[in-house]
Amino acid sequence: FFFCGTMFRNQYDNDVTTWSPQGRLHQLEYAMEAVKQGSAGVGIKSNTHAVLASLKRAPSELSAYHKKTFQIDDHVGITISGLTADARTLSRFMQTECMNHKYAYDVKLPVSRLVTTVSNRLQRSTIGYGRRPFGVGMLVAGYDSRGPHIFQVEPSSNFFNCKAQAIGARSQSARTYLERNLDKFPSSSVDELVNHALRALRDCLPADVELNGKNACLSVVGDDRDFTTYHGAELQAYLDAIDAEGAAPMAEDIPDAGVGAPAAGTADADPAAPVPME
């Protein structure tokens, strides 16, 4: 009896169309677990701009870092967590949708409609026999006539319109930072928004890894610029700025302990006055 129970305990995850008695689709849960194990990504928006920040991974020291951010159109782009190969397929699909809409209507595809379209594409993989879900989660940042947008798209084809969001490995630390500073984002300038995104992304790193221009990527889109990606030396300038801001308060907190300074509580005392005996 024990052997049979062990043998058939996963009999409901052989296909994405098979429901378990608990009402679960195990292959969808496996796909969402792949997103949780992928590299972290952070998305934040203000009243005028949207920012994406993401970590990049390299399989070894001999290879380059994987690309995690894709430009879809001049006004929209994505950062991904999960299987990069699946992300390339979806990014090409989204680029084709934007081009077709631009060709047919001579206007840019609204971000919300693009997200709905790609979510429908994801959903088709969950209802057909012989297919598997896409093992990738996305943060979509864009700017259109309705302002800036941050959307989260899951492998289950659910999508959410977010004020700020973080996905990927160790992203809970980033979400805690975002929740703590959520009220500051709407009125933030571009530089302040970038600093918040990089600080949240830095919380996703292990203690022995430092955020730098090689393992991170930053993208900005808004009313005054198209979707623009920064990495390398361009990104390092932003990282140096937040490091300088973090070091400034520490320097101010150090008391002036020069030679000959009066003892605590005797700053106003006359040095020539006699000391009373107890």
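Guide: Contact means heavy atoms within 4.5 Å. Angles run from 0 to 180 degrees between N-to-C directions. Both ideas are needed for helix 6, which lies across strand 1, strand 2, strand 9 and strand 10 and runs at about 25 degrees to strand 2. The model in view is predicted.

Visitor: What does the protein chain contain in helices and strands?

Guide: The protein chain has 7 helices and 10 strands. Of its 278 residues, 44% are buried. Its accessible surface amounts to about 16,000 Å², and carbon and sulfur atoms hold 53% of that.

Visitor: How do you know what share of the contacts joins residues 24 or more positions apart?

Guide: The contacts considered are those with a separation of 6 or more, and residues 24 or more positions apart account for 63% of them.

Visitor: Which strands form the sheet that includes strand 8, and in what order?

Guide: This open sheet has 5 strands in the order 8-1-2-9-10, and the pairing is antiparallel. From one strand to the next, the twist averages 10 degrees.

Visitor: What makes strand 8 and strand 10 edge strands?

Guide: Strand 8 and strand 10 each pair on one side only, and they are therefore the edge strands, given that pairing requires at least two bridges.

Visitor: How do you know that strand 1 and strand 2 pair?

Guide: Two strands pair if at least two bridges are found between them. Strand 1 and strand 2 have 5 bridges, in the antiparallel sense, so the requirement of at least two is met. Within strand 2, Val51 is the residue opposite Ile44.

Visitor: What joins strand 2 to strand 9?

Guide: Strand 2 and strand 9 run antiparallel and are joined by 7 bridges. Val220 in strand 9 stands opposite Val51. Strand 9 also pairs with strand 10, over 4 bridges in the antiparallel sense, and a hairpin of 2 residues connects strand 9 to strand 10.

Visitor: What makes strand 9 mostly covered?

Guide: In strand 9, 7 of the 7 residues are buried. Ala216, Leu218, Val220 and Gly222 point one way, while Cys217, Ser219 and Val221 point the other way. In a regular strand the side chains alternate between the two faces of the sheet.

Visitor: Why is Tyr230 called buried?

Guide: A residue is buried when its relative accessible area is under 20%. Tyr230 has 15% relative accessibility, and therefore it counts as buried. Tyr230 belongs to strand 10 and stands opposite Leu218.

Visitor: How many aromatic pairs are there?

Guide: The count is 2 aromatic pairs. One of them is formed by Tyr230 and Tyr238, with 6.0 Å centre to centre and 65 degrees between the planes. Centres must lie within 6.5 Å to pair, and planes over 60 degrees apart count as edge-to-face. The values of 6.0 Å and 65 degrees satisfy both conditions, so the pair of Tyr230 and Tyr238 is called edge-to-face.

Visitor: Which residues of helix 5 are buried?

Guide: Ser171, Ala174, Tyr177 and Leu178 are buried in helix 5. Their arc around the axis is only 115 degrees, which means that they are on the same side of helix 5. An α-helix has 3.6 residues a turn, so residues three or four places apart point the same way. Glu179 and Arg180, on the other side of helix 5, are exposed.

Visitor: What covers the buried residues of helix 5?

Guide: The cover includes strand 1, strand 8 and helix 6. Helix 5 lies across strand 1 and strand 8, and its direction is at about 170 degrees to strand 8.

Visitor: Which strands form the open sheet that includes strand 5?

Guide: That sheet has 5 strands in the order 3-4-5-6-7, with antiparallel pairing. Its edge strands are strand 3 and strand 7, each of which pairs on one side only. On average, neighbouring strands of this sheet are turned by 25 degrees against each other, direction ignored.

Visitor: How do you know that strand 5 and strand 6 pair?

Guide: There are 7 bridges between strand 5 and strand 6, in the antiparallel sense; at least two are required, and therefore the strands pair. Gln152 in strand 6 is the bridge partner of Leu139.

Visitor: Which strands does helix 3 lie across?

Guide: Helix 3 lies across strand 3, strand 4 and strand 5, at about 15 degrees to strand 3. Helix 4 lies across strand 3, strand 4, strand 5, strand 6 and strand 7, at about 10 degrees to strand 6.

Notes:
Residues are numbered from 1 along each chain as its sequence is written. This is a predicted model: local features need pLDDT of at least 70, side-chain atom pairs count only at pLDDT 80 or more; totals for chains, interfaces and linings use all residues. Side-chain values use heavy atoms; hydrogens and water are left out. Buried means under 20% relative accessible area, exposed over 50%, partly exposed in between (1.4 Å probe, protein chains only). The arc is that of the directions from the helix axis to the C-beta atoms. Accessible areas come from the Shrake-Rupley method with a 1.4 Å probe; for residues, only the protein chains shown count as cover. Rings of Phe, Tyr and Trp (its six-membered ring) pair if their centres lie within 6.5 Å; planes under 30 degrees apart count as stacked, over 60 as edge-to-face and the rest as tilted.
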